[in-house]
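Please open the model in your viewer and keep the selection tool at hand. This tour proceeds by selections, and each stop describes what is found there.

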Protein chains: 2
Amino acid sequence: MGLEEVEGMNPLARKLQRLGRVSEEDVQHVLALPAIVKAVPTGHYLVREGRPATECCVLLSGFACRHKLAATGARQIVSFHLPGDLLDLQHLLLSVADHNVQTITEAVVAWVPMAAIRKLTAQSQAISDALWRDTLIDASIFREWVLNVGRRDAKTRIAHMLCEFAARCESAGLGSASAFELPMTQEQIADATGLTSVHVNRMLRALEADGAIARDRRHIRIADWQNMRSIADFDPAYLHAA
Amino acid sequence: MGLEEVEGMNPLARKLQRLGRVSEEDVQHVLALPAIVKAVPTGHYLVREGRPATECCVLLSGFACRHKLAATGARQIVSFHLPGDLLDLQHLLLSVADHNVQTITEAVVAWVPMAAIRKLTAQSQAISDALWRDTLIDASIFREWVLNVGRRDAKTRIAHMLCEFAARCESAGLGSASAFELPMTQEQIADATGLTSVHVNRMLRALEADGAIARDRRHIRIADWQNMRSIADFDPAYLHAA
DNA sequence: CGACAACTTGACGGGCGTCAACCGGAGTGG
DNA sequence: CCACTCCGGTTGACGCCCGTCAAGTTGTCG
């Protein structure tokens, strides 16, 4: 999706409306936020660990991931992000980035000065609540990921990641949870699940052989969602979607 | 520590002062929060998954952990908590608990109505910021834990957990980071690191054999903190202390 | 048609889990 | 004051899940 095709801050406004009862006036304020909109290529860094951040990045189209590096050089992806997501809201109150954010597809992002967001949160309790709620849901997802990489076996872990991605895409209005396109490579799935790309490949094929998913390149279909939920140990409660 | 020995909401007030520039007046408001203070035994549940929460629990003395369960019954501890910690601030804006909180020692806790906290955050931007900041730091710690269980080997993982615990204790004024008492069993360390208690035992003894730590029952001494940091791949930046 | 990234597959090995036994200190009750 | 109990910690043998290494294969884009 190119620059001309995105509809301004609408993805963000929609997300805030999902997060809480935000008034029409508040929505107008969000749409009026001062923002520099840019198209960026795959692999572009939006946040870098150790850097101070004075602007907040909003993903308008495309996909991104947050990741951290171990001393060995191993990478751990700690979250994936969809259009509408605020990519570094934590820097509203934390001065230095403790992780990286990088696009995994071509993307369009809006850079908003932190000061403008601060002003908005001071003006509107509803917006402030919605943003805080967003950070709380992010934290809840991180907790689930700790459980996922800490206590589930490889097949369950990958299935869980697929379920979460599908559920979040659907809830963001990006299509159906039972048929969707994965934006990430198997190596990125590996980095998100604490596995190797080789083993991710084996497990994806196993899920396919089990009939849990159907694959055509990166297109995934989940015919029997109840079955998949059970294979994946997936209970969407932690997503706190409306 | 019994009921009579804790000094009211002081641990919380001290924590908020560490989190941001909170005025003397704000501190008074915190100390004046309506609270029911209780002593609870080891293993007591303070938050239960699936339950709605209308009160917020503040840990005044003792230690607690948050955990989630996988379908197999395996438990994953996603964080440990120290005196002064707010144990379920997420329920300020999320209606249903997505995890459990349980004491791991005898403890004294204060139950504060959510409404009183809402009132406080509405009145004071500084308190609101401090609490939000607290939830952001929690999230940062969760991200580090995802990396820890996802990409570090067992020895490093345990060493990292020890470093984090030591650093947080010191920063909370509970003693020195180079000599401290662990409140948790090896099984709880295992559940926090995604390992088994058997392997935790092996790795603790390996760390001891390497000279990284000295142990006497649950008392840990870290003679060479720089060495330990390097073994543990520990960089305290993610704790966003001071 | 060549180059490259992503995916696929097989052989092999190791880190950590599993199982099972034992130890040792703290609390309890006779 | 000593047996008994129980929980937590310790140890060893064995095996499996997943990592490593290495070699293809496929699709895409110039």
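A residue is called near a molecule or strand if one of its heavy atoms lies within 4 Å of it. This is a predicted model, in which local features need pLDDT of at least 70 and side-chain atom pairs count only at pLDDT 80 or more, whereas totals for chains, interfaces and linings use all residues. Residues are numbered from 1 along each chain as its sequence is written, chains are lettered from A and ligands numbered from 1 in the order in which they are written, and side-chain values use heavy atoms, with hydrogens and water left out.

**First stop: DNA strand D**

Select DNA strand D and the 17 residues that surround it. The closest of them are A:Ala154, A:Arg202, B:Gln186, B:Asn201 and B:Arg205. Of the strand D atoms that come within 4 Å of the protein, 71% belong to sugar and phosphate.

Next, look for polar contacts, which are pairs of N or O atoms within 3.5 Å; within protein, one atom must be able to donate a hydrogen and the other to accept it, and residues adjacent in sequence count only if both atoms are side-chain atoms. On chain A, a backbone N or O atom of A:Gly194 is 3.5 Å from a phosphate oxygen of strand D, and a polar side-chain atom of A:Thr196 is 3.0 Å from a phosphate oxygen of this strand. On chain B, an N or O atom in the side chain of B:Arg202 lies 3.4 Å from a base nitrogen of strand D. The elements that give two or more residues to this surface are α7 of chain A and α7 of chain B. Helices (H or I, at least four residues) and strands (E, at least two) are DSSP runs, numbered from the N terminus. The largest share, four residues, comes from α7(B).

Colour the surface near strand D by class: four residues are nonpolar, six polar and seven charged. Here Ala, Val, Leu, Ile, Met, Phe, Trp, Tyr, Cys and Pro count as nonpolar, Asp, Glu, Lys and Arg as charged, and the others, Gly among them, as polar.

**Second stop: DNA strand C**

Now select DNA strand C, which has 17 residues around it. A:Gln186, A:Asn201, A:Arg205, B:Ala154 and B:Arg202 come nearest. Which side chain places an N or O atom 2.3 Å from a phosphate oxygen of strand C? That side chain belongs to A:Asn201. Base nitrogens of strand C lie 3.4 Å from a polar side-chain atom of A:Arg202 and 3.0 Å from one of B:Arg202. Helix α7(A) gives the most to the surface near strand C, with four residues.

**Third stop: two helices of chain B**

Select α6(B), residues 186–193, together with α7(B); their axes come within 8 Å and cross at roughly 100°. Axes are lines fitted to C-alpha atoms, for helices over the stretch in contact, and angles run from 0 to 180 degrees between N-to-C directions. The two helices are therefore roughly perpendicular to each other, a term for angles of 65 to 115 degrees. In contact (heavy atoms within 4.5 Å) are B:Gln186, B:Glu187, B:Ile189, B:Ala190 and B:Thr193 of α6(B) with B:Ser197, B:Val200, B:Asn201 and B:Leu204 of α7(B).

**Last stop: helix α8 of chain B**

Finally, select α8(B), residues 225–232. At its start, a side-chain oxygen of B:Asp224 reaches to within 3.2 Å of the backbone nitrogen of B:Gln226. Just after α8(B), B:Asp233 takes a positive phi of about 55°.

Terms used: Parallel < 35°, antiparallel > 145°, perpendicular 65-115°, else oblique.
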